[in-house]
Amino acid sequence: ILGDKWRTPTKEDFEELISQCDWAWCEWDGYYGALVTGNNGNSIFLPAAGSCINSNFIGSGNFGAYWSSSLVYLTGYNMYSYYYHFYNGHFKVDYTNRNEGRSVRPVCE
């Protein structure tokens, strides 16, 4: 929808953001989330939009969960993807079942 230059970030993209950027839990224009600032001074705000599990929206304002395009290959499982999540100063990459709702923050090449 966004065009050829846009894509869903990979697990490695999120790991790079974690290791090479400064992260701060903050309120921005009335919404809680993470302000991510790179070495070049550019920043993005990732809202703490929560997630959706079994049609129930949970955690809005308390945590953020963003899909990556990287699949997890586990024996007997084919429905898992990596995602990035953060809450109140904690930031990490994890994986979960792809039937859960997560936000997507596309990146441009």
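Start by selecting Asp 4 in this predicted model: the residue is exposed, because its relative accessible area is 84% and anything over 50% counts as exposed. Asp 4 sits in the segment ahead of strand 1 (6-7). Now add Tyr 87 to the selection and draw a C-alpha to C-alpha distance: you should get 32 Å between Asp 4 and Tyr 87, with 83 residues separating the pair in sequence.

Next stop, the sheet. Colour strands 2, 3 and 4: they form an open sheet in the order 2-3-4, paired antiparallel. The edges are strand 2 (22-28) and strand 4 (43-47), each of which pairs on one side only. Look along the sheet and you'll find neighbouring strands turned by 30 degrees against each other on average, ignoring direction.

Zoom in on strands 2 and 3. Which residues make up strand 3? Residues 31-37, and seven bridges join this strand to strand 2, the two running antiparallel. For one of the partnerships, pick Asp 22 and hop across to Thr 37, its bridge partner in strand 3.

Now hide the backbone and show side chains for the largest nonpolar core, 10 residues in all: Phe 14, Cys 21, Trp 23, Ala 34, Val 36, Leu 46, Ala 48, Tyr 66, Tyr 84 and Phe 86. Strand 3 and strand 8 (77-87) are the elements that give two or more residues to this core.

Last, centre on Phe 14, a member of that core. What does Phe 14 touch, leaving aside neighbours within four places in sequence? Its contacts are Pro 9, Tyr 66, Trp 67, Ser 68, Tyr 84 and Val 93. Of these, Tyr 66 and Tyr 84 also belong to the core.

Note on methods:
Residues numbered from 1 in each chain as written. Predicted model: local features only at pLDDT ≥ 70, side-chain atom pairs only at ≥ 80, totals over all residues. Heavy atoms only, no water. Pairing = 2+ DSSP bridges. Helix = DSSP H or I, 4+ residues; strand = E, 2+ residues; numbered from the N terminus. Axes fitted to C-alpha atoms, helices over the stretch in contact; angles between N-to-C directions. Core = buried A, V, L, I, M, F, W, Y, C linked by side-chain atoms within 4.5 Å. Buried < 20%, exposed > 50% of the residue type's maximum accessible area, 1.4 Å probe, protein only. Contact = heavy atoms within 4.5 Å.
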